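Biologist: I'm new to this one, so could you walk me through it? I'll ask, you answer.

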Amino acid sequence: MKNVLITGAAGFLGSHLCDKFIEEGFKVIGMDNLITGDLKNIEHLMKLENFEFYHHDVSKFVHVPDDLDYILHFASPASPIDYLKIPIQTLKVGSLGTHNLLGLAKAKGARLLIASTSEVYGDPLVHPQTEDYYGNVNTIGPRGVYDEAKRFQESITMAYHRFHGLETRIVRIFNTYGPRMRLNDGRVIPAFIGQALRGEDLTVFGDGSQTRSFCYVDDQVEGIYRLLMSDYAEPINIGNPYEISILDFAKEIIKLTGTDQKLIFKPLPKDDPMQRQPDISKAKSILSWEPKVEREEGMKLTYQYFKSLSKEELRRSEHKDFTDRNKR
Ligand SMILES: NC(=O)c1ccc[n+]([C@@H]2O[C@H](COP(=O)([O-])OP(=O)(O)OC[C@H]3O[C@@H](n4cnc5c(N)ncnc54)[C@H](O)[C@@H]3O)[C@@H](O)[C@H]2O)c1
């Protein structure tokens, strides 16, 4: 049995990756400090013999007694609301955390895959974004803490690959959605669904002409798995290239949820990208991967998940507060 360490295991993507590797017959070691994640996302795995969980902050030294074949580094606040609340931890987990995991991978002879992001392209001047586009990032803007942490993460990973010959993989993840997202994480899909469930008007920032493209989580996980198993060390975009304007998307949510609320418009937040769309030619040719789940189907499954949450879970999901840990 092969062993895989997954950091950020109690988060949205990390928990789905744990499921995937369990399904594929791995022993999965999950690690998380629960700053934005929730143990509920992996409680169904806790009783399994081939699953183990460590409550640990990966920005501190990481020790795992087992042999490791693979490491997937997914620990990081991931939504603007999160990383604006905890900017220092965000910078630390992308830099110190990645350094710790690179060291662990080197010591164990493991292959390391890091979760990068479309945010490395900043507010892009090139559409759709190909992997060779260097990006347009405001280093000192509020979102810089996330974007630059991820850009540093890519640099140090390539340095370990080139200098130490470490086997590394870099996935640039574009907007992904599905069950286990948090209602209050500020990302557009849970924000709209949360407002619809609470009977509030849906907030559109700007005039809603900015576009996004959304990838269903099962497609994302399959792309990540294929990349890990490939022999390709440079970054690869994984996302859904199908673009939709936020305004049209808000209308789709109104239809899906049957809410009779209206749309309200607020000013665009600073450095909010106007357009995001992955060029996935590399993923298609190198990994034979492309997304399969239609938005209508993925959104139905996601809405079912949010509707199935108990009142207590909805409340918890809305009010997760980590501001007390903000200063560290
Ligand atoms: N979801 C997306 O659309 C998306 C897009 C681009 C990139 N990503 C990347 O994928 C990864 C996972 O994102 P997500 O959407 O699942 O977010 P998430 O917030 O649901 O999960 C992140 C997990 O990391 C944990 N974590 C944070 N800092 C930690 C630390 N120092 N030590 C240990 N655990 C820590 C959190 O508690 C949480 O469980 C992140 O690296 C994110 O940057 C996600």
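Modeller: Happy to; what follows is a short round of questions and answers on a predicted model.

Biologist: Let's begin with the ligand. How much of its accessible area does the protein cover?

Modeller: Start with some polar contacts. A backbone N or O atom of G37 sits 3.0 Å from a ligand oxygen, and a polar backbone atom of F74 is 3.2 Å from an oxygen of the ligand. For T176, a backbone N or O atom is 2.9 Å from a ligand oxygen. On its own the ligand has 820 Å² of accessible area, and the share covered by the protein is 97%.

Biologist: Which element gives the largest share of the shell around the ligand?

Modeller: There are 29 residues around the ligand, and L13, D32, T36, Y146 and R187 come nearest. By class, the shell has 13 nonpolar, twelve polar and four charged residues. Elements giving two or more residues to it are α1 (12-23), β5 (111-117) and α4 (144-164). The largest share is three residues, and they come from β5.

Biologist: You mentioned D32. Which residue is its bridge partner in β3?

Modeller: D32 belongs to strand β2, which covers residues 27-32. That strand runs parallel to β3 (residues 51-55), with five bridges joining the two. In β3, D32 is partnered by H55.

Biologist: And on the β1 side, which residue of β2 is the bridge partner of V4?

Modeller: β1 (residues 3-7) also pairs with β2 in the parallel sense, over five bridges. Together with α1, the two strands make a right-handed β-α-β unit. The partner of V4 in β2 is V28.

Biologist: How many of the six residues of β2 are buried?

Modeller: Look at the two faces in turn. In a regular strand, side chains alternate between the two faces of the sheet. Here K27, I29 and M31 point one way while V28, G30 and D32 point the other way, and all are buried. The strand is largely enclosed by the rest of the structure because the number of its six residues that are buried is six.

Biologist: What about T203: buried or exposed?

Modeller: T203 is in strand β8, residues 202-205. T203 is also 131 residues from L72 in sequence, and their C-alpha atoms are 35 Å apart in space. The cut-off for buried is under 20% relative accessible area. T203 has 14% relative accessibility, so it counts as buried.

Biologist: Now some backbone oddities. What is the omega of the cis peptide bond between H127 and P128?

Modeller: Most peptide bonds are trans. This one is cis, and it joins H127 and P128. P128 lies in the loop between β5 and α4. The omega is about -15 degrees.

Biologist: Where is L34, and what is its phi?

Modeller: L34 is in the loop between β2 and β3. With a relative accessible area of 17%, L34 is buried. Most residues other than glycine have a negative phi. L34 has a positive one, near 65 degrees.

Biologist: One last thing: what is the phi of R180?

Modeller: R180 sits in the loop between β7 (176-177) and α5 (188-197). R180 is buried, with a relative accessible area of 17%. Its phi is positive in a residue other than glycine, and the value is near 85 degrees.

Notes: Residues are numbered from 1 along each chain as its sequence is written. This is a predicted model: local features need pLDDT of at least 70, side-chain atom pairs count only at pLDDT 80 or more; totals for chains, interfaces and linings use all residues. Side-chain values use heavy atoms; hydrogens and water are left out. A residue is near a molecule or strand if one of its heavy atoms lies within 4 Å of it. A polar contact is a pair of N or O atoms within 3.5 Å; within protein, one must be able to donate a hydrogen and the other to accept it, and residues adjacent in sequence count only if both atoms are side-chain atoms. Accessible areas come from the Shrake-Rupley method with a 1.4 Å probe; for residues, only the protein chains shown count as cover. Helices (H or I, at least four residues) and strands (E, at least two) are DSSP runs, numbered from the N terminus. Ala, Val, Leu, Ile, Met, Phe, Trp, Tyr, Cys and Pro count as nonpolar, Asp, Glu, Lys and Arg as charged, and the others, Gly among them, as polar. Buried means under 20% relative accessible area, exposed over 50%, partly exposed in between (1.4 Å probe, protein chains only). Two strands pair if DSSP finds at least two bridges between them. A crossover is right-handed if, with the strands pointing away from the viewer, the path from the first strand over the helix to the second runs clockwise.
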